[in-house]
Amino acid sequence: MLAYDIRGRGPGLVLLHGIGSTASETWGTLAGSLAAENTVLLPDLPGSGRTPLPGGRLEVDAVADEVVATAREAGLGDFVVAGASLGAAVAVKVAARRPDRVRGLFTLAGFARPRTALWLHLERWASLRARRDSELSAYVASLSFSADHLAALTPEGAQDLAARSAVSVPGAPAQIALALGIDVRGDLPAITAPSLVVAAMGDRFASPEHSVELAEGIPGARLAAVRGGHAATVEEPGRILEILTEFLREVRRSDPLGSHAATSRRPAAHESR
């Protein structure tokens, strides 16, 4: 079972994070606002936050099943699943494997597989971390934010950003290994839930072509874009909140008889597990 935080009341919304982060770090700028209309579940994937790594290698099918089990434990009968970066690939797996539980799929700066440039970025990230290289923080920061965002920073601001981008999550190497081997292209045609794929046009890590590949593979998926980089929830939180909120309302309107109520075990405000 994954450790999680939960906020709000209403239809279920599961928010999945990327490599070296936690759900609260990735989605924290939006979670409070989203909780006004939704029960927001913020699980930490294996190796992040309070969720330990399993004994062996991370497998995307197993991680997806843990997400579903955690949602059930939190009292969510069904839910929209939203994933950023690696979390998008996990969200795809969740939607493909459990169409009975997933009412909508939202991806942000995601990928179905690491195309060549992303694969090289992941390999270098793993190498720098393994060597405990002092350049790691600056490297991650340079990939996480758009060129426009970085250009607007003072030298002091850039140093602070690099310091805050230090990836200290113990499970990061295992998460990078998972990303390097991931390929969910075969799962895309099996997705039946309404789907919205959001590309970050300034993404220097997972280029927008990754999102195009997702949208083209998912039946009926819509493709949208924001201006920010890979850390788009930091650069463009207002725009992403607007897009995601409207998508959630569209899902509700398209399925007015869907199960919105969680079980009585779900807390009204906030819980940590």
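Me: Angles under 35 degrees count as roughly parallel, over 145 as roughly antiparallel, 65 to 115 as roughly perpendicular and the rest as oblique. Why are H1 and H11 called oblique to each other?

Reply: This is a predicted model, where local features need pLDDT of at least 70 and side-chain atom pairs count only at pLDDT 80 or more, while totals for chains, interfaces and linings use all residues. Residues are numbered from 1 along each chain as its sequence is written, and side-chain values use heavy atoms, with hydrogens and water left out. H1 (residues 23-34) and H11 (residues 237-254) pack at about 45°. That angle falls in none of the named ranges, so the pair is oblique. Angles run from 0 to 180 degrees between N-to-C directions, with axes fitted to C-alpha atoms, for helices over the stretch in contact. Helices are DSSP runs of H or I, at least four residues; strands are runs of E, at least two; both are numbered from the N terminus.

Me: How do you know which way H1 and H11 cross, and what makes the contact?

Reply: The crossing is right-handed. The near helix is turned clockwise from the far one by less than a right angle; anticlockwise would be left-handed. Trp-27, Thr-29, Leu-30, Ser-33 and Leu-34 of H1 make the contact with Pro-237, Ile-240, Leu-241, Leu-244, Thr-245 and Leu-248 of H11. Contact means heavy atoms within 4.5 Å.

Me: Why do H4 and H8 count as roughly antiparallel?

Reply: H4 (residues 116-130) and H8 (residues 172-181) pack at about 160°. That is over 145, so they are roughly antiparallel. Their axes are 10 Å apart, and the crossing is left-handed. Among the H4 residues in contact are Trp-119, Leu-122 and Ala-126; the H8 side includes Pro-173, Ile-176 and Leu-180.

Me: Why is Ala-126 called partly exposed?

Reply: Buried means under 20% relative accessible area, exposed over 50%, partly exposed in between (1.4 Å probe, protein chains only). Ala-126 has 27%, so partly exposed is the right label. This residue sits in helix H4. Its C-alpha atom is separated by 6.8 Å from that of Ile-176, 50 residues apart along the chain.

Me: Why does Arg-185 count as partly exposed?

Reply: Its relative accessibility is 37%, so it falls in the middle class. Arg-185 is in the loop between H8 and strand S6 (195-200). It touches Ala-112, Arg-113 and Glu-213, leaving aside residues up to four places away in sequence. Arg-164 is 21 residues apart from it in sequence and 33 Å apart in space, C-alpha to C-alpha.

Me: Why are H2 and H3 called roughly perpendicular?

Reply: H2 (residues 60-73) and H3 pack at about 70°, with their axes 9 Å apart. An angle of about 70° lies in the 65 to 115 range, so the label is roughly perpendicular. Val-60, Val-63, Ala-64 and Val-67 are among the H2 residues that meet H3, whose side includes Ala-89, Val-90 and Lys-93.

Me: What makes S2 mostly covered?

Reply: S2 (residues 12-16) has five of its five residues buried. Gly-12, Val-14 and Leu-16 point one way, Leu-13 and Leu-15 the other. In a regular strand the side chains alternate between the two faces of the sheet.

Me: How do you know that S2 and S3 pair?

Reply: Two strands pair if DSSP finds at least two bridges between them. S2 and S3 (residues 39-43) have three, and they run parallel. Val-14 has Leu-41 as its bridge partner in S3. Between S2 and S3 the chain passes through H1 in a right-handed β-α-β crossover. Right-handed here means that, with the strands pointing away from the viewer, the path from the first strand over the helix to the second runs clockwise. S2 also pairs with S4 (residues 79-84) in the parallel sense, over five bridges. There, Leu-13 is partnered by Val-80.

Me: What makes S6 and S7 a parallel pair?

Reply: Five bridges join S6 to S7 (residues 222-226), which passes the test of at least two. Val-198 stands opposite Ala-224 in S7. The chain crosses through H9 (residues 208-217), and this crossover is right-handed.

Me: Why is Ser-85 called buried?

Reply: Its relative accessible area is 8%, under the 20% limit, so Ser-85 is buried. Ser-85 lies in the loop between S4 and H3 (86-97). Its phi is near 60°, a positive value in a residue other than glycine.

Me: Why is Ala-109 buried?

Reply: At 2%, Ala-109 is under 20% and therefore buried. It is in the loop between S5 (102-108) and H4. Ala-109 has phi near 50°, positive in a residue other than glycine.
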